[in-house]
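Please open the structure in a viewer and keep the sequence beside it. The tour begins with the whole chain and then proceeds to individual selections.

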Amino acid sequence: MPDDVRARQRTGTGIGLLLTLVLGAVLLTALPDGDREGDGACPARTVGSWSADRGLTGEFARYGDDASRADDWTGGDGTHSVRLPDGRLLWLFSDTYLGQVYAPPNPAGESHAWRDTAAPLVRNSAVVMRDGRLQSTLPAPLFPDPAPTQWRWPVAARVEPRSPGSSEQVVRVVLWVRTAGQSPWIYGVPTATEVATLSLPDLRVESVVPVLDQRLVPDPSRRILFGTTLIERDGWTYVFGGDDAQAASRPASSAYVARVPDGRLAEPGAWQFWNGSEWAAGGAPRTVLGDGVGSAFSVVREDDTYVLFTMAAGAEGLTTITSYWACSPTGPWHGPTRDFSPALPDGQVAAYNPQAHPELSDDGRLVLSYDVNWLDTNGGAAAQLSRNVSLYRPRFVTLRLEPPR
């Protein structure tokens with residue numbers, strides 16, 4: 001591997017995803033009303049109340065600080081989760097630190113648990129939880145690099161029939177493929193969307209299938225990667241995605257949606273994309289949300305209402321989460337509604353990648369995670385994340401959705 005690639009892997013941990021999701025965020029513009037699938041009356045929803053979920057946040061801190069193994073997860077971003085049929089919860093992460101964590105004080109004399117700056121860094125990982133307690137890290141990286149200068153980031157996942165009507169279930173994980181590039185793509189050029197199939201219950205990777213290759217799209221800022229979030233309804237899986245417009249200094253990114261019949265996520269020919277007026281297997285997808293969502297956001301469904309969580313506009317996009325609502329995955333979307341700013345550690349840090357976890361939600365409450373990273377694009381982030389391992393880990397809040405006031 002070339003030295004410049006190794007250097008990028010060491011010093012750019014998570015920053016590419018962070019910049020993609022946050023730094024270019026501006027106000028999302030709702031599309032005009034029109035004929036959309038499911039368009040009709042549904043109640044507006046926004047964040048009515050929220051509170052920190054210290055239990056979940058603390059569990060990841062406990063597991064990450066556990067020094068009994070040197071080959072397991074000690075920090076990561078790109079937090080997604082999926083409930084398995086036997087009750088376990090599979091957590092998926094993008095850039096991930098492994099290695100040993102040492103008790104404070106760190107070498108600078110600060111009261112932080114820390115890791116050596118030479119600790120292993122992998123592009124993805126998966127951690128298994130049972131009954132609210134993290135138990136083990138699967139061999140990492142779970143999804144190997146497709147080529148020497150490419151890597152895979154796992155995003156949303158679901159359990160579905162191996163094929164339509166089958167009684168056998170598998171886990172399908174959507175993957176983003178990125179390729180090392182030059183400025184402004186120093187954190188990776190969007191390349192393709194893939195779907196991996198994992199067997200149950202052993203979570204063995206059986207196959208990885210490309211479903212949308214974007215290499216022929218000449219402008220990388222207009223390449224679309226799908227899978228930031230999945231919604232299941234009426235025999236379909238709705239797969240949301242975004243472009244990387246802000247990486248090329250365009251105002252912000254746009255959002256798109258595809259749909260796939262149950263049991264067919266790993267079949268490229270089964271994917272249908274919203275083209276602005278209908279679902280189509282071919283042709284270019286059209287935006288369903290105006291500029292402003294970044295390439296990663298989260299969507300949940302409460303009865304007939306869809307709620308989208310993203311970072312807020314402008315400078316608040318480093319600290320503040322906002323939401324939009326619609327009666328259909330294709331919109332029109334309304335908002336922004338109420339903002340909230342979850343807790344952040346001290347320092348030059350930012351929040352990004354708000355992700356909902358419906359499998360942990362009940363009784364009207366919704367669990368949402370957000371990632372935290374050190375803001376430094378000049379190579380200092382990795383050192384900060386090593387001298388204080390608590391920074392580069394997911395944090396959680398619990399929300400309640402209510403009508404706007």
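Of the 405 residues of the chain, 56% count as buried, where buried means under 20% relative accessible area, exposed over 50%, and partly exposed in between (1.4 Å probe, protein chains only). The model is a predicted one: local features need pLDDT of at least 70, side-chain atom pairs count only at pLDDT 80 or more, and totals for chains, interfaces and linings use all residues. Residues are numbered from 1 along each chain as its sequence is written, and side-chain values use heavy atoms, with hydrogens and water left out.

**The whole chain**

Display the chain as a cartoon. Four helices and 23 strands make up its assigned elements; helices (H or I, at least four residues) and strands (E, at least two) are DSSP runs, numbered from the N terminus. Among contacts (heavy atoms within 4.5 Å) between residues at least 6 apart in sequence, 62% join residues at least 24 apart. With a surface shown, the accessible area is about 15,400 Å², and 50% of that belongs to carbon and sulfur atoms; such areas come from the Shrake-Rupley method with a 1.4 Å probe, and for residues only the protein chains shown count as cover.

**The largest pocket**

Next, select Leu230, Ile231, Val300, Pro358 and Glu359, which lie nearest the centre of the largest pocket among its 33 lining residues. Strands E3 (80-83), E9 (150-161), E13 (224-233), E18 (298-302), E21 (349-356), E22 (365-374) and E23 (395-402) each give two or more residues to this lining. On a 1 Å grid over the protein atoms alone, a pocket is an open set of points where a 1.4 Å probe fits, with protein on both sides within 12 Å along at least five of seven lines; lining residues have an atom within 4 Å of a point. The space in the largest pocket is about 640 Å³, a volume being the space filled by probe spheres set on the points, which are joined across faces, edges and corners. Colouring the lining by residue class gives 13 nonpolar, ten polar and ten charged residues. Here Ala, Val, Leu, Ile, Met, Phe, Trp, Tyr, Cys and Pro count as nonpolar, Asp, Glu, Lys and Arg as charged, and the others, Gly among them, as polar.

**Aromatic rings**

Now select Trp50 and Phe340. Their ring centres are 5.2 Å apart and their planes lie at 35°, so the pair is tilted. Rings of Phe, Tyr and Trp (its six-membered ring) pair if their centres lie within 6.5 Å; planes under 30 degrees apart count as stacked, over 60 as edge-to-face and the rest as tilted. Trp50 belongs to strand E1 (residues 46-52), whereas Phe340 is in the loop between strand E20 (321-326) and E21, 290 residues apart. Trp50 is partly exposed at 30% relative accessible area, while Phe340 is buried at 4%. The structure holds 16 aromatic pairs, and ring pairs join Phe60, Trp73, Trp91, Phe93 and Phe396 into a cluster.

**Backbone details**

Return to the loop between E20 and E21 and select Pro332. The peptide bond leading to Pro332 from Gly331 is cis, with omega near 5°. The same loop holds Asp346, which is exposed at 72% relative accessibility.

Which residue in strand E21 should be selected next? Choose Asn353, in strand E21, whose phi is positive, near 55°, though the residue is not a glycine. Asn353 is buried at 2% relative accessibility. End at Asp363 in the loop between E21 and E22: its phi is also positive, about 50°, but Asp363 is exposed, at 69% relative accessible area.
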